[in-house]
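Here are some short exercises to work through with the structure open beside you. Try each task before you read its solution.

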Amino acid sequence: MIRSMQAALIKKDLRAVTDNKRTLTVLFIVPLMMTVVLPSIFIFAMGASSKDSGDLQNLLALLPAGARIGSLSQMMAHLLLNNILPLFFLIIPVMVASVSAGSSFVGEKEKRTLETLLYSPLNLRQIFSAKVLASFILSMMVSLISFVLMLLVVEIETRLALGFFMAPGINWLVLLPLVSPAVALIAIILIVRGSAKAQTVEEAQQKSVMLILPVVLLASVQFSGIMLIGPWALLGLGAALAVVALLALRGSVGKFQYETLLK
Amino acid sequence: MEAIITDKLSKVYPSGKKAVDGVELTISKGQIFGFLGPNGAGKTTTVKLLSGMLKPTEGRCSVLGIDPAAHPEQVHALSGVVTERAQMYDQLTGIQNLVFYGTVFGLTGKESEKRALKLLDTLSLTDAKNQKLAAYSTGMRQRLSLARALIHEPKVLFLDEPTSGLDPESGHSVNELIKALARDKRTTIFLCTHQLRYAQEICTDYGLIDEGRLLSTGSLEALRAQVSSGMTVTIKADHIPDGLSFRRGEDGCCEIGVQSEAEIPAIVKRIVDSGGAVYHVSARKPSLEEIYFTLIERRKEGGASQ
């Protein structure tokens, strides 16, 4: 019974996001930028740029021995698909989670529908978990669709521009099932924790957008040729983030009280 | 078992404001209990305490034997709440909103829809069932909120100003629905309002509250007995004999205080015997409004004398 009641809430939350044109536009634009526009720019730049660029040479030198095979174009494409794009890709789950959790928690508070929901026979823990799950499901769905789209774009463009197909590397195997869910969960929890105090959706989203900064920093570090995020580093990062996410999730449930939510 | 019991129920907000101060109530099943007082008297806070949204600072309360502070979700399963602040989803239609809340209360989609259609019909919202809530007027929203609170057939219904914003016709249909629920299904209604005349039309028992403190409780007769044992006779006559004390009322009438109806014929006879012509005679017991203001005055006098 409880599950069907929670399922109704999840379904309603997902529908609230898809019914809102403004939210839906954001959910389309950012993944499109990350999966179509950005890779296309990189691939185009790869074909046009000087292969003697110092930073690029430094970066290519960091590639594992297994990846340093084939032509320079193939090495560069490998670097793009398996080292650079994964970090930019992480912006997608963070952004989707922030938008959906903002609408789900603070949006309900802002529109005074949260109080009505609190009068239901679901306890706070059940409401909380259903709402977190709704944002998480949406975030993972958009991430997965974005990955498939990005792969298609990269494969088609590298085939057309550089003349070969590429296989996605092991980084994606770590990123998709571990790092991406962990950062999405952290973003949701940040929004949810902020929702008790925040009065508007935008106010709550500001905090979770801060999560994008470390991602951008890591990407910049890679670009400058200082270091390359390999599968083991990513695995370590993902495991640490997953632990943080689960601890934060556990810590957040108890903080929810009717009295603070209705302020 | 009583439907609602409060025992020295108090709530002090973190700001230091004592919103509810030692309220003691006992409300039986099937009663329409009017909880009356001006804005800020503590009515909404009491509803929040009874529905488990707030925890009491002192005292305790129970709804159908359940402590709302300890088991709010159990109270919610058996009760419906309509407050001005509890809104529904603008992006959903009227029927979609009701079906959603039905499923959240554990009904199947089919059962929710069946009950939703019936409630929409009862509350004259059938024509608007497929309109998004954003297009609803205030009165329509208010009626849909009532339908939402009734979708799971609650045993206790908390209504905070249920007819505010309703036109007379809608207000009448809401009143009839509330009366039918109490009469036919023994639903207990806890109705908060500052509209005393409205409360007198619909409620069976009353609790009068001001500044968080309960002034009095009981039926209208019991409340009348507390403030005045008599009634007011309104007489319209072209001459009032000397020695008959009266005060001037509206429309040229005079008002005379009596202890019982038995005194009226003698007053009329006295006017007629003195050569006066009587055009109108009516007797009226103190209204809820008069009782309320008398009790407020007494409280203020009591406070001043202390």
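Two helices count as roughly parallel when the angle between them is under 35 degrees, and as oblique when the angle falls outside the roughly parallel, roughly antiparallel (over 145) and roughly perpendicular (65 to 115) ranges. Keep in mind that this is a predicted model.

**Exercise 1. A helix pair in chain B**

Task: Decide how helix 3 of chain B and helix 5 of chain B are oriented to each other, and find the residues that join them.

Solution:
- Step 1. Start with the geometry: the axes of helix 3 of chain B and helix 5 of chain B (residues 138-150) come within 9 Å and cross at roughly 25°.
- Step 2. Set that angle against the cut-off of 35 degrees. The two helices, helix 3 of chain B and helix 5 of chain B, are therefore roughly parallel to each other.
- Step 3. Now look at the hand: helix 3 of chain B passes helix 5 of chain B in a right-handed crossing.
- Step 4. Pick out the partners. Helix 3 of chain B brings Gly94(B), Asn97(B), Leu98(B) and Tyr101(B), while helix 5 of chain B brings Leu144(B), Ala147(B) and Arg148(B).
- Step 5. Sort them by class: the contact of helix 3 of chain B with helix 5 of chain B has four nonpolar, two polar and one charged residues.

**Exercise 2. A helix pair in chain A**

Task: Do the same for helix 7 of chain A and helix 8 of chain A.

Solution:
- Step 1. Helix 7 of chain A spans residues 124-162 and helix 8 of chain A spans residues 170-195; they pack at an angle of about 140°, with their axes 10 Å apart.
- Step 2. Roughly antiparallel would need an angle over 145 degrees. Helix 7 of chain A and helix 8 of chain A are therefore oblique to each other.
- Step 3. The crossing of helix 7 of chain A with helix 8 of chain A is right-handed.
- Step 4. On the helix 7 side of chain A you will find Val132(A), Ser135(A), Phe136(A), Ser139(A), Met140(A), Ser143(A) and Phe147(A). They meet Leu176(A), Ser180(A), Pro181(A), Ala184(A), Leu185(A), Ile188(A) and Val192(A) in helix 8 of chain A.
- Step 5. By class, the contact of helix 7 of chain A with helix 8 of chain A holds 10 nonpolar, four polar and no charged residues.

**Exercise 3. The two chains as wholes**

Task: Describe the make-up of chain A and of chain B.

Solution:
- Step 1. Count the elements: chain A has 12 helices and zero strands, whereas chain B has 10 helices and 13 strands.
- Step 2. Check burial: 40% of the 263 residues in chain A are buried, and 41% of the 306 residues in chain B are.
- Step 3. Take the contacts between residues at least 6 apart in sequence. Pairs at least 24 apart account for 86% of them in chain A and for 68% in chain B.
- Step 4. Divide chain B into domain 1 (4-224) and domain 2 (229-285). The C-alpha centres of these two domains of chain B lie 43 Å apart.

**Exercise 4. Where the chains meet**

Task: Which elements of chain B give two or more residues to the side that touches chain A?

Solution:
- Step 1. Begin with the totals: 22 residues of chain B are in contact with 23 residues of chain A.
- Step 2. The elements that qualify are helix 2 (72-78) and helix 3 (94-104) of chain B.
- Step 3. Helix 2 of chain B supplies the largest share, four residues.
- Step 4. Sorted by class, this side of chain B has 11 nonpolar, seven polar and four charged residues.

Terms used. Residues are numbered from 1 along each chain as its sequence is written. Chains are lettered from A and ligands numbered from 1 in the order in which they are written. This is a predicted model: local features need pLDDT of at least 70, side-chain atom pairs count only at pLDDT 80 or more; totals for chains, interfaces and linings use all residues. Two residues are in contact if their C-beta atoms, placed from the backbone, lie within 7 Å. Ala, Val, Leu, Ile, Met, Phe, Trp, Tyr, Cys and Pro count as nonpolar, Asp, Glu, Lys and Arg as charged, and the others, Gly among them, as polar. Axes are lines fitted to C-alpha atoms, for helices over the stretch in contact, and angles run from 0 to 180 degrees between N-to-C directions. A crossing is left-handed if the near helix is turned anticlockwise from the far one by less than a right angle, and right-handed if clockwise. A residue is buried if 20 or more other C-beta atoms lie within 10 Å of its own, exposed if 12 or fewer, and partly exposed in between; C-beta atoms are placed from the backbone. Domain bounds come from an automatic or database domain assignment.
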